[in-house]
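These are my notes from a session spent looking up individual residues and helices, one after another. I kept each entry to what could be read off directly.

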Amino acid sequence: MKILAIESSCDETAAAVVEDGRQILSNIVATQVEEHRLYGGVVPEIASRRHAEAISGVTREALQAADVTLADIDAVAVTAHPGLIGALLVGVNFAKGLAFSANKPLVPVHHLRGHIASNYPSHPDLKPPFLCLVVSGGHTHLVLCEDYTTFRIIGRTRDDAAGECFDKAARAMGMPYPGGIALDKRAEGGDPHAFVLPHPKVEGSPFDFSFSGLKTAVLNQLHNAKQRDITLNIEDLCASLRFTVADILVSKTVAAAKEYGMSTVVLAGGVSANSELRRQMQAACDKEGFKLYMPPLSLCGDNAAMIGAQGYYEFLAGNVADLSLNASATMSIE
């Protein structure tokens with residue numbers, strides 16, 4: 001079964017053709033990073049306009065790269081939520097028109113479910129149930145994946161997401177957008193134990209996260225140094241922040257896996273590309289005897305292959321929409 005997938009939830013216009021949820025036949029991404037870098041972050045109105053300009057060409061290229069036509073496609077999957085509403089609407093309305101004109105089923109996909117499914121093409125043996133840490137610029141969730149389309153949140157951030165903490169700290173240090181990637185690179189040359197940073201906890205919710213206080217602690221280090229005319233070692237500060245965030249994420253993930261009897265752990269989301277997080281998670285899972293699955297770096301960021309992978313399982317489960325489908329900026333993965 002071949003799924004044509006569309007992704008436009010933020011600043012990447014993407015289309016892909018995925019077969020049986022596991023084989024990527026094509027995966028085309030048109031990025032807007034350079035344009036948004038001028039503004040230090042994603043400008044929603046610009047993102048929406050660029051999606052409208054790129055989506056037809058990206059979809060055509062995905063079909064050509066997969067060496068298929070619309071007649072060979074069994075269903076059209078599209079990210080319907082969550083994300084920037086204007087950006088989502090471009091993808092949803094394009095997919096609706098395409099599905100209607102080609103007489104194909106329309107499959108709405110949750111963006112975070114897609115991130116989890118980014119592991120399926122590169123790990124043919126991965127099957128639910130498993131525990132997944134979904135970590136990105138806007139989301140930090142611990143999710144029990146009971147089946148391909150059945151999810152239960154057991155932990156989430158109460159304020160900033162991990163990626164948001166990285167991005168805001170990086171911006172305060174004068175790094176270009178996207179800040180998390182720049183911070184990860186600078187951290188490679190620093191001492192992760194140079195700065196003692198807090199490990200915020202959420203009272204009564206052992207698997208919930210809070211990164212706002214950690215972000216503030218880094219900003220205070222920068223402000224205090226400026227007021228005292230002291231030059232901080234930015235590499236050390238980056239390394240210390242990266243180590244602390246990874247330590248928080250890993251420790252809660254391992255504790256949740258033990259609590260819920262899960263021996264398989266999965267990483268997903270843009271921040272799953274973070275090198276320190278990958279190192280720490282691998283070491284912790286090796287120590288505990290857990291099987292760890294991580295997406296390849298090429299599938300950590302937003303892409304359409306992950307939407308096609310999840311779209312296959314949504315289609316099998318009967319999660320098909322009609323032309324009344326609308327995008328929504330927020331929606332639980334459950």
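Is L183 buried or exposed? I am working with a predicted model, and in this model L183 has a relative accessible area of 0%, which is under the 20% cut-off and therefore makes it buried.

**Entry on L183.** I placed L183 in helix α6, which covers residues 179–187. I then listed what L183 touches, not counting residues up to four places away in sequence, and found F166, A169, A170, M173, M175, C238, L241 and R242. For R242 I also looked up the separation, and the two residues are 59 apart in sequence while their C-alpha atoms are 8.1 Å apart in space.

**Entry on S275.** R242 came up again when I turned to S275, which has its place in helix α9, residues 275–288. Leaving aside neighbours within four places in sequence, S275 is in contact with D184, E188 and R242. I also noted the pair S275 and K185, which lie 90 residues apart along the chain and have C-alpha atoms separated by 9.0 Å.

**Entry on α8.** I next followed helix α8, residues 234–259, from one end to the other. It has 26 residues and reaches 37 Å from its first C-alpha to its last, close to the 38 Å expected at 1.5 Å a residue. At its start I found a side-chain oxygen of N233 reaching to within 3.1 Å of the backbone nitrogen of E235, and after the helix comes G261, whose phi is positive, near 65°. As for exposure, I recorded α8 as mostly covered, since 19 of its 26 residues are buried.

**Entry on α7 against α8.** How are α7 and α8 oriented to each other? I read off a packing angle of about 170° between helix α7, residues 212–227, and α8, with the axes 11 Å apart. An angle over 145 degrees counts as roughly antiparallel, and α7 and α8 are therefore roughly antiparallel to each other. On the α7 side the contact is made by L214, V218 and L222, and on the α8 side by I234, L237, L241, T244, V245 and I248. I sorted the residues of this contact by character and obtained 8 nonpolar, 1 polar and no charged. L241 belongs to this contact and is also among the residues that L183 touches.

**Entry on α3.** Helix α3, residues 85–102, has 18 residues and reaches 25 Å from its first C-alpha to its last, close to the 26 Å expected at 1.5 Å a residue. I listed its buried residues as A87, L88, V90, G91, V92, A95, K96, L98 and A99. What covers them includes the strands β1, β4 and β5 together with helix α2.

**Entry on backbone geometry.** Most residues other than glycine have a negative phi, and most peptide bonds are trans, so I set aside the exceptions I came across. Just after α3, N103 takes a positive phi of about 55°, although it is not a glycine, and I found it in the loop between α3 and β5. At 70% relative accessibility, N103 counts as exposed. D67, in the loop between α2 and β4, is another residue other than glycine with a positive phi, near 60°, and D67 is exposed as well, with a relative accessible area of 70%.

I also noted two cis peptide bonds. One joins H81 and P82, with omega about -20°, and P82 is found in the loop between β4 and α3. The other runs from Y177 to P178, with omega near -5°, and P178 is found in the loop between α5 and α6.

**Entry on N303.** Which polar contacts does the side chain of N303 have with the backbone of G301 and A305? I found the backbone oxygen of G301 at 2.8 Å from a polar atom of this side chain, and the backbone nitrogen of A305 at 3.0 Å from a polar atom of the side chain. N303 has its place in the loop between β10 and α10, and it is buried, with a relative accessible area of 1%. Leaving aside neighbours within four places in sequence, I recorded N303 in contact with E7, A14, N27 and V29.

Terms used:
Residues are numbered from 1 along each chain as its sequence is written. This is a predicted model: local features need pLDDT of at least 70, side-chain atom pairs count only at pLDDT 80 or more; totals for chains, interfaces and linings use all residues. Side-chain values use heavy atoms; hydrogens and water are left out. Helices (H or I, at least four residues) and strands (E, at least two) are DSSP runs, numbered from the N terminus. Buried means under 20% relative accessible area, exposed over 50%, partly exposed in between (1.4 Å probe, protein chains only). The expected span of a helix is 1.5 Å times one less than its number of residues. A polar contact is a pair of N or O atoms within 3.5 Å; within protein, one must be able to donate a hydrogen and the other to accept it, and residues adjacent in sequence count only if both atoms are side-chain atoms. Axes are lines fitted to C-alpha atoms, for helices over the stretch in contact, and angles run from 0 to 180 degrees between N-to-C directions. Angles under 35 degrees count as roughly parallel, over 145 as roughly antiparallel, 65 to 115 as roughly perpendicular and the rest as oblique. Contact means heavy atoms within 4.5 Å. Ala, Val, Leu, Ile, Met, Phe, Trp, Tyr, Cys and Pro count as nonpolar, Asp, Glu, Lys and Arg as charged, and the others, Gly among them, as polar.
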